[in-house]
Amino acid sequence: MRAKLLIQPVGFNDRGTLYWLVGELKRRLPVEVDVMLSLWPINLDHLEVFDWSRMQFKAVKVNELLHRLFKEVLMPRRSLILGLVAGDGYVEGLNFVFGLAMPELSTATVYTSRLETGDRQLYHLRILKEVMHELGHLLGLGHCPNRRCVMSFSNSVSEVDLKEPWFCPVCVSKLKSVTSA
Ligand SMILES: [Zn+2]
Ligand SMILES: [Zn+2]
């Protein structure tokens, strides 16, 4: 049974970017994944998942909430949820995260505010890389020492820009062996 991925915008209303993202993911994923797009742009910033003193989303709580909303109620087994969140996120002990994958919940999120720039093409590319990175974690990959690989860990936007929107050959073969198991 092939994996299904639902992209869920959270306060992210730019449909053009979302359609582009889905097309790119289909082209770049080395394994078969059905990518579905939800066009219900939910807003979560009034809930307990937002820290009003830091003006940041609590990334663990957002993942848990998306898991509760979709995985347990709406989505079939073997489906993955990826929330694209217009805002900034953090986890305890870190100032911010670009994204957070919780494979045990089959749920991940990517936070777009630190990826923003006047260059629209660059902004899109950054979102694509971070979505591919978190999806790689959901599919069982860890961080990759290859700085060009999309699975390399990024601590800053310049590190995001340094990596390519592709999985390196080592990560591709890992992905293939995990997803065919
Ligand atoms: Zn990572
Ligand atoms: Zn790699």
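This report describes a zinc site and one helix packing in a predicted model. Local features need pLDDT of at least 70 and side-chain atom pairs count only at pLDDT 80 or more, while totals for chains, interfaces and linings use all residues. Residues are numbered from 1 along each chain as its sequence is written, chains are lettered from A and ligands numbered from 1 in the order in which they are written, and side-chain values use heavy atoms, without hydrogens and water.

**Zinc site**

Four cysteines, Cys-144, Cys-149, Cys-168 and Cys-171, bind the zinc ion (ligand 2) through their SG atoms at 2.3 to 2.4 Å. Donors here are N, O and S atoms within 2.8 Å of the metal (3.2 Å for Na, K and Ca). The site is tetrahedral, with angles of 106 to 112 degrees among the four donor atoms; for four donors the term requires all angles to lie between 85 and 135 degrees. The donor residues follow the spacing C-x4-C-x18-C-x2-C. Cys-149 and Cys-171, 22 residues apart, link distant parts of the chain. Both count as buried, meaning under 20% relative accessible area (1.4 Å probe, protein chains only).

| Residue | Location | Relative accessibility |
|---|---|---|
| Cys-149 | loop between helix H3 (120-138) and helix H4 (157-162) | 1% |
| Cys-171 | helix H5 (residues 169-180) | 2% |

**Helix packing**

Helices are DSSP runs (H or I, at least four residues), numbered from the N terminus. Helix H1 (residues 15-28) packs on H3 at an angle of about 50 degrees, with the axes 10 Å apart. Contacting residues (heavy atoms within 4.5 Å) include Trp-20 and Leu-21 of H1 and Leu-128 and Val-131 of H3.

Technical notes:
Four donors count as tetrahedral if all angles lie between 85 and 135 degrees; four count as square planar and six as octahedral if opposite donors are over 155 degrees apart and all others between 65 and 115; anything else is irregular. Buried means under 20% relative accessible area, exposed over 50%, partly exposed in between (1.4 Å probe, protein chains only). Axes are lines fitted to C-alpha atoms, for helices over the stretch in contact, and angles run from 0 to 180 degrees between N-to-C directions.
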